Amino acid sequence: MISGAVALGVSQLVAGLFNGVSPVIAVGNAAVDLSPLWLKEWAIRAFGENDKNVLLGGILVVIVLIAAGLGVLARRRVGFGVTGLFLFGAVGMVAVLSGEDSGPFGILPPLLGAAAGAMVLSWLFARIEPPPWAESERAEAAREVTTEAAGEAESEAEDEAERPPVMRAGADLHSFNRRKLLTGVAVGAGVAGASGLAGGWLAGRNDVSGARTEVAKALPTAATPLPELPPGVDFKIPNLSPFTTPNHDFYRVDTALVVPSVDPKTWTLRIHGMVDRPIELTFDQLIRRPLMEADVTLTCVSNDVNGPYVGNARWLGVAMADVLREAGLQADADMLLSTSDDGWTCGTPVDVVMDGRNAMFAFAMNGEVLPVSHGFPVRQVVPGLYGYVSATKWVVDIKVTRFDRDEAYWTPRGWAPRGPIKTQSRIDLPRNKVKAGTNTIAGVAWAQHRGIEKVEVKVDESEWRVARLAEVPGPDTWRQWAIDWDFTPGLHTIRCRATDATGQTQTNRGAPPAPDGATGYPSVLMEAT
Ligand SMILES: Nc1nc2c(c(=O)[nH]1)N[C@H]1C(S)=C(S)[C@@H](COP(=O)(O)O)O[C@H]1N2
Ligand SMILES: [Mo]
């Protein structure tokens, strides 16, 4: 295990030196990319936004178990342990090479890590002193082989008596001198810890929080800033989702185990493919263009009915349509294949982006520079489409293409190529227990770019009753709703359903998130006492 720790520490150090990916992260990334749809859904359901930590923790546990197993094998022959460590490094190398962000030195971290681990393993075993009884032991073992057929049971019984109990596992095992073992382990642990820490520190050089502060100092404003939100957007009911989701509460969904560090000084956005004039924009060029602001609610296709993956913000950025028009979209193009700095891809329908809605390259969120985890320096925001087909964070490249020629990241993994947001609602309160009598039932409903026209509520087998609706600045945000209800003591089931401005009421037919969004009426079981 100490050798394994040194292998990981050194690989971390090498990754830090060469701006590479640590093999643990690379294996994690490969696991994320290869995991089937049901596993991804299960992980999101079971662990929510902790899914990445659970994955990395699980990988570490597996590594510790494998290292312990190799240790047991190495007691038979050190070569087994060394071979195991290199096989292990090979897994890391394959993972790094299969990732998008492996630089030219990508395989060095797992390779040098495995080499360091193997050296430590051999060194630790070289510290083994043959125990005093080893000589007679060896002779005896040789004798045993020759007389095996003769009297096995007999010699076995003799051995039992002579050998200390630890030696029974095999004839050829070594024994450690306690002092040498402890100093060896301490040195190994020290090397592992120091190299790991140094690697972490070196990787921290990529930290872009300084660059974010720089952008914040000169954050431009929109040519015509949006008016303040109408006063009635928020009922301000405790436990009801606020109309504007604070950035630190905003849900986060992406495949990145390590949030990409993208320096706005070197960031560019390349637009190419089926365009008349390919263009490449720098961050300065982007934010000097005419800016726009918009209130848009993002929703994840993985959101279960009544789930948490939806949030609303005021975004500042540049109209995607303006930039694309400048590039000159060709008539038969129907897909914008955007790619993030870490190689994730997303396919957005051209007609949606060009139909006049507030689709934008955003660089600020709720008056703040885009947080790194939400796509700093630039991300896409397209009202009306689930995030996986529209909301590319850390966006660096757009290939204008066709749905019948290209596929985005989630499509071969079982999600629909196109993902318009389905009309949905959520019950935020009450949850669990209330006092019998009048209580407020409240929540949010969304049908981005169509708008919410009505929300109805029913308790148990009552008639549907129409809830009151909060104001909205436009059709692209969610809408709060509330209704007061008189509860008799006992258990109750609350249901709600939303109708969008096209007159369509959300369906009661239950569907899971995959392939194109969950459906069904939200319901909450609660008790009035
Ligand atoms: N680079 C990148 N962008 C991404 C994703 C991703 O995995 N990688 N996930 C998308 C999905 S599925 C959603 S729902 C939204 C979530 O945006 P948020 O994390 O800012 O809430 O980002 C989208 N943009
Ligand atoms: Mo998503």
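In the predicted model, lysine 458 stands opposite arginine 495, a residue of strand E18. This pair can be placed within the contact between strand E14, which spans residues 452–459, and strand E18, which spans residues 490–500, where seven bridges join two strands that run antiparallel. Both strands belong to an open sheet of five strands, arranged in the order E12-E19-E18-E14-E15, in which the pairing is mixed. The edges of this sheet are formed by strand E12 (432–434) and strand E15 (465–466), each of which pairs on one side only.

A second open sheet consists of four strands in the order E11-E13-E17-E16, and here the pairing is antiparallel. Its edge strands are E11 and strand E16 (468–469), each of them paired on one side only. Between E11 and strand E13, the latter comprising residues 437–446, the antiparallel pairing extends over five bridges. Within this pairing, glutamine 424 has tryptophan 446 of E13 as its bridge partner.

Two peptide bonds that precede proline are cis in the model. One of them joins leucine 429 and proline 430, with omega at about 0°, and proline 430 is located in the loop that lies between strand E11 (424–429) and E12. E11 is an edge strand of the four-stranded sheet, whereas E12 is an edge strand of the five-stranded one, and the loop holding proline 430 is thus placed between a strand of each sheet. The other cis bond leads from phenylalanine 376 to proline 377, with omega near 5°; proline 377 has its place in the loop between strand E8 (368–369) and strand E9 (379–381). A further backbone feature is found at lysine 236, a residue other than glycine whose phi is positive, near 55°. Lysine 236 lies in the loop between helix H10 (209–217) and strand E1 (268–273).

Ligand 1 sits in the second largest pocket, where 18 residues surround the ligand, the closest being Tyr251, Thr255, His374, Arg379 and Lys393. When the residues of this shell are grouped by class, eight are nonpolar, five are polar and five are charged. Several contacts involve oxygen atoms of the ligand. A polar side-chain atom of lysine 393 lies 2.5 Å from an oxygen atom of ligand 1, and a backbone N or O atom of tyrosine 251 lies 2.6 Å from an oxygen atom of the ligand. For tryptophan 344, a polar side-chain atom is placed 3.4 Å from an oxygen atom of ligand 1. Of the 530 Å² of accessible area that ligand 1 has on its own, the protein covers 99%.

Technical notes. Residues numbered from 1 in each chain as written. Chains lettered and ligands numbered in written order. Predicted model: local features only at pLDDT ≥ 70, side-chain atom pairs only at ≥ 80, totals over all residues. Heavy atoms only, no water. Pairing = 2+ DSSP bridges. Near = heavy atom within 4 Å. Polar contact = N/O pair within 3.5 Å; in protein donor to acceptor, adjacent residues only side chain to side chain. Areas by Shrake-Rupley, 256 points an atom, 1.4 Å probe, with all protein chains shown as cover. 1 Å grid on protein atoms, 1.4 Å probe; cavity = no way out; pocket = protein on both sides within 12 Å on 5 of 7 lines; lining within 4 Å. Sits in = over half its atoms within 2 Å of the grid points. Nonpolar A, V, L, I, M, F, W, Y, C, P; charged D, E, K, R; others polar.
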